[in-house]
Amino acid sequence: MFKRLIQTGNNCVRVNISRRILQNSYFHFDDMKTFGKIVTDVNLSEAVSDDVIEKIKKDVHEHVLLIFKNQGIVSGERHVEISKWFGDLESTFYKHPRSPHPDVFRVSNNEEEGCTNVGRTGWHIDGSFMTEPFKFSLYHMVAVPKSGDTAFVPLTKLIESLQPDVRARWERLYMVSDRRLKLIHPLIYSHPVTKKPTLCFHLGMTDAFAWDAGTDKERITEWPETKHILTEIHQEIEKNNRELVYSHKWEQGDFIISDNLAVGHEATPETQLPVSQVGLRILHRTTVKGTEKPSKS
């Protein structure tokens, strides 16, 4: 056994890490709020047994966020192979000539190296503008800057933290996407696998909300009310000094698998700082095609 210092927002905790797939090691925000799991003994660049793959697939639903440490540089081709453990891929509509694979979305703080200003429009899940949002997102930091976190929030815990009147209002809301066919998704619905309550949302890509969609009480919000609801969601995520939020400080070799339907995320402002200030940042991301339309039923 050995000890590793885990930085979680303003708190540091020491977590015992064994050289096996950890059973009981989590990110600790305080005595009550926990989510996520660190895996230290799986080399994703090598062949991974079917048993371990099944364990990973189970764990990502249970813990919503898996962080694989010390992976070195995972090739674009291998990143795609790992992603296909979870289903077919659906490539983002953003392409960059430096991407190592057509299905790998390449993000950077240098426009010559990757797409810039990504993830800074507000808290969100990936693919909220699609009929079936992405099931999983897989991230790998290829070039690590001095600063530039990715922040995550567990959506079931967020919903469970709401005051009863707030949750009752959110249960009546449907987001109207600003993309494609102006899709309408329930704000709160049951995760298709775990059946736990979760959110379909994007604070930067929402045109409006619909109250009581599909009923005779249906009403579409005007922008002032829309903005108020978006602000309320943002404030609920970041309340109590961001106690629900885990801000991941990237280290060389980090590879993250997230249950995209169960965890919201946002790039922190430092991700856009220039190379001259923080060094080069290059992040690779893949997304797994969704198979379920968010539904109240």
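Let me start with the largest pocket, which in this predicted model has a volume of about 550 Å³. Its lining is made up of 33 residues, and the ones that lie nearest the centre of the pocket are F105, V118, G119, D126 and R285. If you ask which elements give two or more residues to that lining, they are the strands β7, covering 105-108, β18, covering 263-267, and β19, covering 282-288. Of the elements, β18 gives the most, and its share is 3 residues. As for the character of the lining, sorting it by class gives 14 nonpolar residues, 11 polar ones and 8 charged ones.

Let me turn now to a single residue, H191, which you will find in the loop that runs between β12, at 188-190, and β13, at 197-199. Is H191 buried or exposed? Its relative accessible area is 2%, and because anything under 20% is classed as buried, H191 counts as buried.

What, then, does the side chain of H191 meet there? One partner is the side chain of D259, with which the side chain of H191 makes a polar contact at 2.9 Å. In addition, a polar atom of the H191 side chain lies 3.2 Å from the backbone nitrogen of T194. If we set aside the neighbours within four places in sequence, the residues in contact with H191 are H61, K196, T198, D259, L261 and A262, so that D259 appears both in this list and as the side-chain polar partner. H191 can also be placed relative to S295, since the two are 104 residues apart in sequence, while their C-alpha atoms are 9.2 Å apart in space.

A word on the cysteines, for those of you who think about redox conditions at the bench: a search of the whole structure finds 0 disulfides. Two of the cysteines can be described by their accessibility, and here C200, with a relative accessible area of 0%, is buried, while C115, at 13%, also counts as buried because it falls under the 20% limit.

Finally, let me step back to the protein as a whole, which has 297 residues, 53% of them buried. Its secondary structure comes to 6 helices and 19 strands. Looking at contacts between residues at least 6 apart in sequence, we find that 73% of them join residues at least 24 apart, and the pair I mentioned earlier, H191 and S295, gives a separate illustration of sequence separation, at 104 residues.

Terms used:
Residues numbered from 1 in each chain as written. Predicted model: local features only at pLDDT ≥ 70, side-chain atom pairs only at ≥ 80, totals over all residues. Heavy atoms only, no water. 1 Å grid on protein atoms, 1.4 Å probe; cavity = no way out; pocket = protein on both sides within 12 Å on 5 of 7 lines; lining within 4 Å. Points joined across faces, edges and corners; volume = space filled by probe spheres on them. Helix = DSSP H or I, 4+ residues; strand = E, 2+ residues; numbered from the N terminus. Nonpolar A, V, L, I, M, F, W, Y, C, P; charged D, E, K, R; others polar. Disulfide = S-S within 2.5 Å. Buried < 20%, exposed > 50% of the residue type's maximum accessible area, 1.4 Å probe, protein only. Contact = heavy atoms within 4.5 Å. Polar contact = N/O pair within 3.5 Å; in protein donor to acceptor, adjacent residues only side chain to side chain.
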